[in-house]
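Colleague: Please give me a close look at one part of this model, the sheet and what packs around it. I would like a connected account that goes from the overall arrangement down to individual residues.

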Amino acid sequence: MMKKWVICGLLACPALLRAQTIVQRDPVIGKMVATVNADSLHSYILQLVKFDTRSTISSTTDVKKGIGAARNWVLHKMESFAPASGGRLTVKLDTTAYAADGKRVDKDINLGNVVATLKGTDPNDPRVYIISGHLDSRVTDVMDRVHTAPGANDDGSGSAAVIELARVMSQQSFPATIIFVTVSGEEQGLLGATYMAKKAKQENWQIDAMLNNDIIGQSTSSQTLLNDNTKVRVFSEGIPATADEAMIKRIKSMGMENDSRSRQLARYIKETGERYVDQLEVKLEYRADRFLRGGDHSPFQQQGFTAVRITEMNENFDRQHQDLRTENGIQYGDLPEYMDFEYLRKNAAMNLSVLANLASAPAEPEAVKIDVKELTNYSSLSWAPPKYGKAKGYYVLMRETSSPVWEKKFYTTETSMRLPYSKDNYYFAVQAVGEGGQESLAVFPEVGR
């Protein structure tokens, strides 16, 4: 029997719209995206700034000032969302003792992450999706635990996005589990994220994607004086941090340097985020992070999880890691009045669209392979259904080898496809598609013989 499939570019295709509504927004997810509120985000950041400093080495016992007061407030704020979740949202302060290390921690501290878990509705689905921001702040001297460190954008913006998404998404249900976390210790050396990533590895969490949001609420740059609230960057690793010699050899032989799971997640963020959020372009940055810098996604990558960093397009270094002061007419310091809350709203909404689609979609297709038994100008792919969730159909994705993004999608209800395009000239991947049209992450094929 002849297999039926539909081909389409990503931007528009009437035939595919009739078959699968690829470019349409899911109305439930669209409503959630529209619910993300700039005023709410603003209010969270104003409250975080009131704690004066959120240095990880500041007081954990003062009820008004320091990291302890800040994390307790986030804990109670997250807990206030639980009643609307029907018992699915649980919140805790996950703490651990951290000994002085002679580097950025000069005495023993109580390290704590605020973790809100929205349990998935499918008891047989172990998938976990994480969104994070770091709660701690700093001034010029990273060892200064006393002076005012507002941390409005770095990383009050990421923490506010996490809180707002917990508020909105806890009112809905998803087959897979979503974790909203504000970590501590980023400025002291990614301490809270490292603690969580190691714990996740030890306890065998199935983290399919981790979105680290760090500085996402300011649209103006220092020095170059750029001002643009229509673009946001996503950083993703090419060669996985856990790659051994055999994996690196396979990556090179397949030409997969640009097709790690993190790169597939970044492409997914671009396609999905731009579909749901108007006037926002997701820029793919093919680095694990900014030049010679790191963030809270790094410890997750080092444990073998798929993780990316989301950050504003134009950084303003007059605001980052600065003592509050005025010099030569320039105000330094990370204060709320220099933020763009409409920009923050768009970036938070983009995160929501990605998490909601991933957590609603079936898992990725299994055993994706491309046939190389003989030389041919056709490309034949096959796969097995996902382990979790029901797939209504599948997309085979295709792009030229020089393209950063997928350019065509072929829809089928079968578990194989033969395309009249040479694997020498194109890359391919496969996505599972759920009943509501939500897509899984793309899976790059292994060699099949």
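Modeller: Helices (H or I, at least four residues) and strands (E, at least two) are taken here as DSSP runs, numbered from the N terminus. The model is a predicted one, in which local features need pLDDT of at least 70 and side-chain atom pairs count only at pLDDT 80 or more, whereas totals for chains, interfaces and linings use all residues. Residues are numbered from 1 along each chain as its sequence is written, and side-chain values use heavy atoms, with hydrogens and water left out.

The sheet itself is open and has eight strands, which follow one another in the order β2-β3-β5-β4-β6-β9-β7-β8 with mixed pairing, where two strands pair if DSSP finds at least two bridges between them. Its edges are formed by β2 (89-98) and β8 (281-285), each of which pairs on one side only. From one strand to the next the twist averages 25 degrees; axes here are lines fitted to C-alpha atoms, for helices over the stretch in contact, and angles run from 0 to 180 degrees between N-to-C directions.

At the β2 edge, the pairing of β2 with β3 (residues 109-118) is antiparallel and extends over 10 bridges. Within this pairing, Ala97 is placed opposite Asn110 of β3. Helix α6 (residues 191-202) packs on the sheet and touches β2, β3, β4, β5 and β6, contact being defined as heavy atoms within 4.5 Å. The direction of α6 makes about 110 degrees with that of β2.

At the β8 edge, β8 pairs in the parallel sense with β7 (residues 231-235), over five bridges, and Arg233 stands opposite Lys283 in β8. The side chains of β8 are divided between a covered face, with Val282 and Leu284, and an uncovered face, with Glu281, Lys283 and Glu285. Lys283, the residue opposite Arg233, thus belongs to the uncovered face.

Helix α5 (residues 156-169) lies across β3, β4 (127-134), β5 (177-183) and β6 (206-213), and runs at about 150 degrees to β5. Just ahead of α5, in the loop between β4 and α5, is Asp155, and the peptide bond that leads from Asp154 to Asp155 is cis, with omega near 0 degrees.

Helix α4 (residues 67-79) is a partner of α5: the two axes come within 10 Å and cross at roughly 20 degrees. On the α4 side the contact is made by Trp73, Val74, Lys77 and Met78, and on the α5 side by Val162, Ile163 and Ala166.

Where in the model is Met169 placed? Met169 is in helix α5, and because its relative accessibility is 0%, Met169 counts as buried (buried means under 20% relative accessible area, exposed over 50%, and partly exposed in between, with a 1.4 Å probe and protein chains only). If neighbours within four places in sequence are left aside, Met169 is in contact with Met32, Leu118, Phe174, Ile178, Phe180, Leu352, Leu355 and Ala356. By contrast, Leu324, which is 155 residues from Met169 in sequence, is 36 Å from Met169 in space, C-alpha to C-alpha.

Ala349 is likewise assigned to a helix, namely α10 (residues 341-360), and with a relative accessibility of 0%, Ala349 counts as buried. Its contacts, not counting residues up to four places away in sequence, are Val33, Val36 and Val277. Ala349 and Glu164 are 185 residues apart in sequence, yet their C-alpha atoms are 9.4 Å apart in space.

Helix α10 also meets helix α8 (residues 261-276), and the axes of these two helices come within 8 Å and cross at roughly 110 degrees. The α8 side of this contact is made by Leu265, Tyr268, Ile269, Thr272, Gly273 and Tyr276, and the α10 side by Met350, Ser353, Val354, Asn357 and Leu358.

The loop between β6 and β7 deserves a separate remark on backbone geometry, with Gln223 and Leu225 both found there. Gln223 has a positive phi of about 70 degrees although it is not a glycine, and Gln223 is exposed, its relative accessible area being 68%. In Leu225, also a residue other than glycine, phi is positive and near 55 degrees, while a relative accessibility of 69% makes Leu225 count as exposed.
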